[in-house]
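Work through the following exercises with the sequence and the model side by side. Each task is followed by a solution that goes step by step.

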Amino acid sequence: MNRSGTAWSDYGWENRFSEMKPVMTNKEAMEESNRCLYCYDAPCIKACPTDINIPSFIKKIATGHLKGSARTIMDANPVGASCARVCPTEELCEGACVLNESSKPIRIGDLQRYATDWAREKHEPLFQAAPANGRNVAIVGAGPAGLSAARELGRAGYDVTIYEAKAKGGGLNTYGIVSFRLPESIPLWEVEQVEALGVKIRYGVRVGVDIAAPELLEQHEAVILACGMGAVPMLGIEGETLEGVYDAIELVESTKQGVPPALHGLNVAVIGAGNTAVDAATCSVRLGAERVQMLYRRGEQQMTAYAFEYTFAKQEGVEFRWLTMPQRILGDENGRVQSVECVKMELVTPPGGGRAMPVAVENSSFIIECDTVIRAIGQNRLLPLIEAFELKHHGGVVEVEAHTYRTSHPQVYAAGDVIFGQGQGEAMVVSAAQQGKLVAATIMKMLPGRSEESA
C-alpha cells in the first residue's frame, strides 16, 4: 500500500516499472558480437573508465564462452551488470566504436548486459578470495565505489568490513535509479558477488551515530569513505513544507519499495534538470500523473541530464520549462500544494567572462498550476560524517591526493560521490567503480599482506 492507502497493483504500476528494454535474444547476441572487428588497441577500451577489455568479452560471446565473457566484464568493473544498463554508452564505449564511421556502433552495453545476465541467472561464482593476508580494512558505504574497493580487497585476501546505513547494499543503484532502467535485483547480485569473497557488510549501521569514527579507525588499519551524498536539499523558498512536496530520491526509492505516493491524475512540477530529476519525472508519468513539467532555471544546453535521459523523458510526455525559477510554492486552505509561482530567467555573461549565469527578468512572475512539487536539485553533503573523521573538504567535497585518493587523514581514503564536485570528477556509476578499484590498489601498496612483508 502507498501513503494514501492505494494498492501498488490498483493501476498496474508494477508492470509500468518492469525493466523497459528487453534483453537480447541468443540470435541477436551472436549476430551483434560477430559484427565486432576486435580492434587492436581498441578505442572502446580507452573510452571505458574501468578499462573493460571490450573486444575480448565480445569475442567470448561470439564463441559461446559466456562465463568467460562475464568474468572479463566483472573483473574490470565490479558493478558491470548495473553499468550495462545505466552507463551513457553512446558517449563512452559506443561513442568511440570505429564502426560509427561506416555503419552503426556495436551495441556494447546490450552485449555487456547479455553476458552478465547469463552469469546472474546461472548463479555462477565468478571469483574466489585469496588466503587471508592478515590485514583489515573498513569501508563506509556499500554503493558502487565501496563495493568496488571491497571486491578488489576481498579477492586479495584482505579482511574487509563494510558499514552501510541502509538495509540493503548497492547504494543509489539499489535505491535511487528507477526500476524500469535498473531493477533492484541487479545491484543486489553485485552485492552477493562481493559477499561471496568473505566481505562482511554490517547493515543499518550509521558511522558517527551507531559507531564512532575514532572507534572505526582504532579497529581497522585503513578506512575508505565511500558514503556518497545525502537527501535532496531544500529549495529555500516559501511553501516547501506543504503536503505534496517530495524529495526526488525518496520518491524513486518509494517506487522501488512498492509504496509510492498517489500521483494518479495529478499535475506534477519537478524542479531541476539532472538525471535524478528525469527519473522523478518519468516515475511520475508511470504513476499516472496527468501532466508532468520540469522547471529549470537555465536553458536546454545547460541541463545536466544525459542526452538519452532527456530524449526518454520527452518520449514519456514530460514537458520542459526552460529559464524558469520557482519563487514560492502556494497551497490551498487544506495545506496542499496548489501552484508554483515562478519568474522568468535570462542567461547573462559576467563582465569578466566565464559561464553565463541565470538572472531574473524584472516583472516576469507567473503561476504554474500543479498538485505536486518534486525537489531534484542535487544532494546534500554528509558534513557530520566527513567532519567526524576530521577531513579537509571544500563545501562537503572531500579533498584527496591525486592518484592515491588519500585524504588529509593518513589512515582514511575516499572515493565516489563524496569526492565529486567543485570541478572534481564525474557523477557516473562507472567512475565511482573505477575510483573504488584505484583506492584498493593504493591500500594494497600501503598495506601489503603480512606474508609479503615477511618474505
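**Exercise 1. Decide whether arginine 135 is buried or exposed, and describe its salt bridge.**

Step 1. Arginine 135 has a relative accessibility of 7%, so it counts as buried, where buried means under 20% relative accessible area, exposed means over 50% and partly exposed lies in between, computed with a 1.4 Å probe on protein chains only.

Step 2. The coordinates belong to a predicted model, in which local features need pLDDT of at least 70 and side-chain atom pairs count only at pLDDT 80 or more, whereas totals for chains, interfaces and linings use all residues. Residues are numbered from 1 along each chain as its sequence is written, and side-chain values use heavy atoms, with hydrogens and water left out.

Step 3. Arginine 135 forms a salt bridge (a side-chain nitrogen of Lys or Arg within 4 Å of a carboxyl oxygen of Asp or Glu) with glutamate 221, and the closest N and O atoms are 2.5 Å apart. This pair links distant parts of the chain, 86 residues apart, since arginine 135 sits in the loop between helix H8 (108-122) and strand S1 (136-140), while glutamate 221 sits in the loop between helix H12 (213-219) and strand S4 (222-225). Helices (H or I, at least four residues) and strands (E, at least two) are DSSP runs, numbered from the N terminus.

Step 4. For the partner, glutamate 221, the relative accessibility is 23%, so this residue counts as partly exposed.

**Exercise 2. Find which side chain meets glutamate 319 in a salt bridge, and place both residues.**

Step 1. The partner is arginine 291, with an N to O distance of 2.9 Å. Glutamate 319 belongs to strand S8 (residues 319-321) and arginine 291 to strand S7 (residues 291-295), so that the pair links parts of the chain 28 residues apart.

Step 2. Glutamate 319 is partly exposed at 30% relative accessible area, and arginine 291 is likewise partly exposed, at 37%.

Step 3. By the stated rule the model has 25 salt bridges, and a network of them links Glu19, Arg85, Arg113, Asp117 and Arg120.

**Exercise 3. Explain why helix H13 is described as largely enclosed.**

Step 1. Helix H13 covers residues 248-256, and 8 of its 9 residues are buried, so the helix is largely enclosed by the rest of the structure. The buried ones are Ala248, Ile249, Leu251, Val252, Glu253, Ser254, Thr255 and Lys256.

Step 2. What covers these buried residues includes helix H10 (172-175), strand S5 (245-247), helix H14 (275-286) and strand S13 (372-375).

Step 3. At the N-terminal end of H13, aspartate 247 acts as a cap, with a side-chain oxygen 2.7 Å from the backbone nitrogen of isoleucine 249. After H13 comes glycine 258, which has a positive phi, near 80°.

**Exercise 4. Identify which strands pair with strand S10, and in what sense.**

Step 1. Strand S9 (residues 324-331) runs antiparallel to S10 (residues 337-348) and is joined to it by 7 bridges, where two strands pair if DSSP finds at least two bridges between them. Within this pairing, threonine 324 has lysine 344 as its bridge partner.

Step 2. S9 and S10 form a hairpin with 5 residues between them, and glycine 335 in the turn has a positive phi of about 80°.

Step 3. Strand S12 (residues 366-369) is also antiparallel to S10, over 4 bridges, and valine 340 has isoleucine 368 of S12 as its bridge partner. Strand S11 (residues 357-360) pairs with S10 in the antiparallel sense over 4 bridges, with methionine 345 opposite alanine 360.

**Exercise 5. State which residues touch the most other members of the largest nonpolar core.**

Step 1. The core (buried Ala, Val, Leu, Ile, Met, Phe, Trp, Tyr and Cys residues joined through side-chain atoms within 4.5 Å) has 48 residues, of which Leu225, Phe389 and Ile443 touch the most other members. Helix H9 (residues 144-155) contributes the largest share, 5 residues.

Step 2. Leaving aside residues up to four places away in sequence, isoleucine 443 touches Val137, Leu153, Tyr158, Ala222, Ile224, Tyr413 and Pro448, a contact being heavy atoms within 4.5 Å.

Step 3. A second, separate core of 43 residues includes Ile54, Met74, Leu99 and Met428.

Technical notes:
Polar contact = N/O pair within 3.5 Å; in protein donor to acceptor, adjacent residues only side chain to side chain.
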